[in-house]
Amino acid sequence: LQYLNILKTSTSIRLAQLISIFISVWLTAAGIIHLLENSGDPPDFSNGVKSHLSYWNCVYFLMVTMSTVGYGDIFCTTILGKISIMLFILVGLAMFAACIPEIFDLIGTRNKYGGQYVKEPARRHIVVCGHITYESVLHFLKDFLHEDREDVDVEVVFLHRSEPDLEFEGLLKRQHTRVKYFQGSLMNAMDLERA
């Protein structure tokens, strides 16, 4: 997905890795349980599940087990199935406990100023970069958005490496209909595309 430019940031790459690991362990373990429960125990393999446990029931069973809910409506009856589910509980729960919080952290830690500018069809915009401080932006906006100017229907997009301080953030909130701020670098092509 990286080579197809679907995943562009390190956060999205790590998120895809964690989700892939989680799903592959879950589906593989479901296949193992399905095989062991429907085959029966050695040496004669005659005590398999009489009602034929389906693969999707095994997927459901493992999700209920991994989430520590354990309804008890489906359970292992063979010795090999019970041994494998004990191993899965040790490995699967450790993985579940490690992956799920990291997935939620990655989803929840989106940069406040890392979005993308959405251009309105009837409105023009300019991109301002360089030494951006509260004072420089305040003076720029007073001059650029002054009522005496004929063409004030232009949105101003600021692109800077760091997040704005609290005073600067207050100015951005007061001018939110005419001003957007994005964190990024002029030297990064992906940041320029966002602005």
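1. Phe-168 and Tyr-181 are both buried in this predicted model. Their ring centres lie 5.4 Å apart and the ring planes meet at 80 degrees, so the pair is edge-to-face. Phe-168 belongs to helix H5 (residues 166-174) and Tyr-181 to strand E3 (residues 179-183), so the pair ties together parts that are 13 residues apart in sequence.

2. Helix H5 deserves a point of its own. Its buried residues are Phe-168, Glu-169, Leu-171 and Leu-172. Viewed down the axis of H5, these buried residues fall within an arc of 155 degrees, so they line one face of the helix. An α-helix has 3.6 residues a turn, so residues three or four places apart point the same way. The other side of H5 carries Leu-166, Lys-173 and Arg-174, which are exposed. The cover over the buried residues of H5 includes H4 and E3.

3. How many aromatic pairs does a search of the whole structure find? The search returns 5. One of them joins Phe-140 and Phe-158 edge-to-face, at 6.2 Å centre to centre and with 80 degrees between the planes. Phe-140 is placed in helix H4 (residues 134-144) and Phe-158 in strand E2 (residues 154-160), so this pair ties together parts that are 18 residues apart in sequence.

4. Is Phe-158 buried or exposed? Phe-158 counts as buried because its relative accessibility is 1%, which is under the 20% limit. Phe-140 has a relative accessibility of 27% and therefore counts as partly exposed. Ring pairs also bring in Phe-144, giving a cluster of Phe-140, Phe-144 and Phe-158.

5. The next point concerns charged residues in E2 and E3. The count of salt bridges comes to 1. Lys-180 forms a salt bridge with Glu-155, and the closest N and O atoms are 3.7 Å apart. The pair links distant parts of the chain, with Lys-180 in strand E3 and Glu-155 in strand E2, 25 residues apart. Lys-180 is partly exposed, with a relative accessible area of 31%, whereas Glu-155 counts as buried at 3% relative accessibility.

6. Which residues are in contact with Glu-155, leaving aside its neighbours within four places in sequence? They are Tyr-117, Arg-123, Arg-124, His-125, Ile-126, Thr-177, Arg-178, Val-179 and Lys-180. Lys-180, the salt-bridge partner of Glu-155, is thus among these contacts.

7. Asp-153 sits in the loop between H4 and E2. With 44% relative accessibility, Asp-153 counts as partly exposed. Residues up to four places away in sequence aside, Asp-153 touches Ala-122, Arg-123 and Arg-124. Arg-123 and Arg-124 also appear among the contacts of Glu-155. The C-alpha atoms of Asp-153 and His-125 are separated by 8.6 Å, with their positions 28 residues apart along the chain.

8. A last point concerns the surface. Ile-79, Leu-80, Ile-83, Met-86, Leu-87, Leu-90 and Val-91 make a nonpolar surface patch of about 680 Å². Ile-83, one of these residues, is found in helix H3 (residues 79-108). At 40% relative accessibility, Ile-83 counts as partly exposed.

Note on methods. Residues numbered from 1 in each chain as written. Predicted model: local features only at pLDDT ≥ 70, side-chain atom pairs only at ≥ 80, totals over all residues. Heavy atoms only, no water. Phe/Tyr/Trp six-rings, centres within 6.5 Å; stacked < 30°, edge-to-face > 60°. Helix = DSSP H or I, 4+ residues; strand = E, 2+ residues; numbered from the N terminus. Buried < 20%, exposed > 50% of the residue type's maximum accessible area, 1.4 Å probe, protein only. Arc of directions from axis to C-beta. Contact = heavy atoms within 4.5 Å. Patch = residues over 30% accessible without salt bridge, like charges linked within 9 Å, V, L, I, M, F, W, Y side chains within 5 Å. Areas by Shrake-Rupley, 256 points an atom, 1.4 Å probe, with all protein chains shown as cover. Salt bridge = Lys/Arg side-chain N within 4 Å of Asp/Glu carboxyl O.
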